[in-house]
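The following exercises concern side-chain contacts and charged pairs. Please examine the sequence and the model before attempting each task.

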Amino acid sequence: MKITICRRSHFNAAHKLYNKSWSKEKNLEVFGKCSYENYHGHNYELIVKLYGKINEETGMVMDLSDLKKIIKREVEDKLDHKNINLDIDYFHDKIPSTENLAIYIWNRLNNAIKIDCKLTVVLYETHRNYVEYSG
């Protein structure tokens, strides 16, 4: 039998949306205040979903305390209280949109989770704006 388990997490980070090949005016036109020179921050909420088979010996898809440790190491420790544009190498040539950030998180978690499952990340930038990525 398969089931989805979920773990909620959060981190705070700053970023700006800015295409380096565009003028300041075009960035402002496309990204609005999100392109302001001095960055802005979000209180991101993350939901990690694992869809997989229940292990008959443990009754679990994965021990949620193990998932908690992986999320802390791979996401929270890397992103919390960071400037995504400046502190995260992956974003030196990518715009740190919520879409690209979700892909970055998914890749880190997918490499760290060592069970056979379908991984989905849901990343809330605000209470109203979020993305979902499943690889």
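**Exercise 1. The surroundings of a histidine**

With which side chain does the side chain of His 15 make a polar contact? Determine also where His 15 lies and whether it is buried or exposed.

*Solution.*

Step 1. The model is a predicted one. Within it, His 15 belongs to strand β1, which covers residues 2–15.

Step 2. The relative accessible area of His 15 is 1%. Buried means a value under 20%, so His 15 is buried, given its 1%.

Step 3. The polar partner of the His 15 side chain is the side chain of His 42, at 3.3 Å. The His 15 side chain also reaches a backbone atom, namely the oxygen of Pro 96, at 2.8 Å.

Step 4. With neighbours within four places in sequence left aside, the residues in contact with His 15 include Tyr 39, His 40, Tyr 44, Ile 84, Asn 85 and Glu 125. His 42 and Pro 96 are also among these contacts.

**Exercise 2. A salt bridge between exposed residues**

State how many salt bridges the structure holds, and describe the one that joins Glu 37 and Lys 24.

*Solution.*

Step 1. The structure holds 4 salt bridges.

Step 2. In one of them, the side chains of Glu 37 and Lys 24 meet with an N to O distance of 3.7 Å. A salt bridge requires a distance within 4 Å, so the pair at 3.7 Å qualifies.

Step 3. The two residues are 13 residues apart and link distant parts of the chain: Lys 24 is in helix α1, whereas Glu 37 is in the loop between α1 (24–31) and β2 (40–53).

Step 4. Glu 37 has a relative accessibility of 53% and counts as exposed. Lys 24, at 54%, counts as exposed too.

**Exercise 3. A network of charged side chains**

Identify the salt-bridge partners of Glu 74 and state how accessible each residue of the network is.

*Solution.*

Step 1. Glu 74 forms a salt bridge with Arg 73, with the closest N and O atoms 2.9 Å apart.

Step 2. Glu 74 also meets the side chain of Arg 108 in a salt bridge, at 2.9 Å from N to O. This pair links distant parts of the chain, 34 residues apart: Glu 74 is in helix α2 (residues 64–79) and Arg 108 in helix α4 (residues 98–112).

Step 3. Arg 73, Glu 74 and Arg 108 are thus linked in a network of salt bridges.

Step 4. Glu 74 counts as buried, at 12% relative accessibility. Arg 73 is partly exposed, at 41%, and Arg 108 is partly exposed, at 22%.

Conventions:
Residues are numbered from 1 along each chain as its sequence is written. This is a predicted model: local features need pLDDT of at least 70, side-chain atom pairs count only at pLDDT 80 or more; totals for chains, interfaces and linings use all residues. Side-chain values use heavy atoms; hydrogens and water are left out. Helices (H or I, at least four residues) and strands (E, at least two) are DSSP runs, numbered from the N terminus. Buried means under 20% relative accessible area, exposed over 50%, partly exposed in between (1.4 Å probe, protein chains only). A polar contact is a pair of N or O atoms within 3.5 Å; within protein, one must be able to donate a hydrogen and the other to accept it, and residues adjacent in sequence count only if both atoms are side-chain atoms. Contact means heavy atoms within 4.5 Å.
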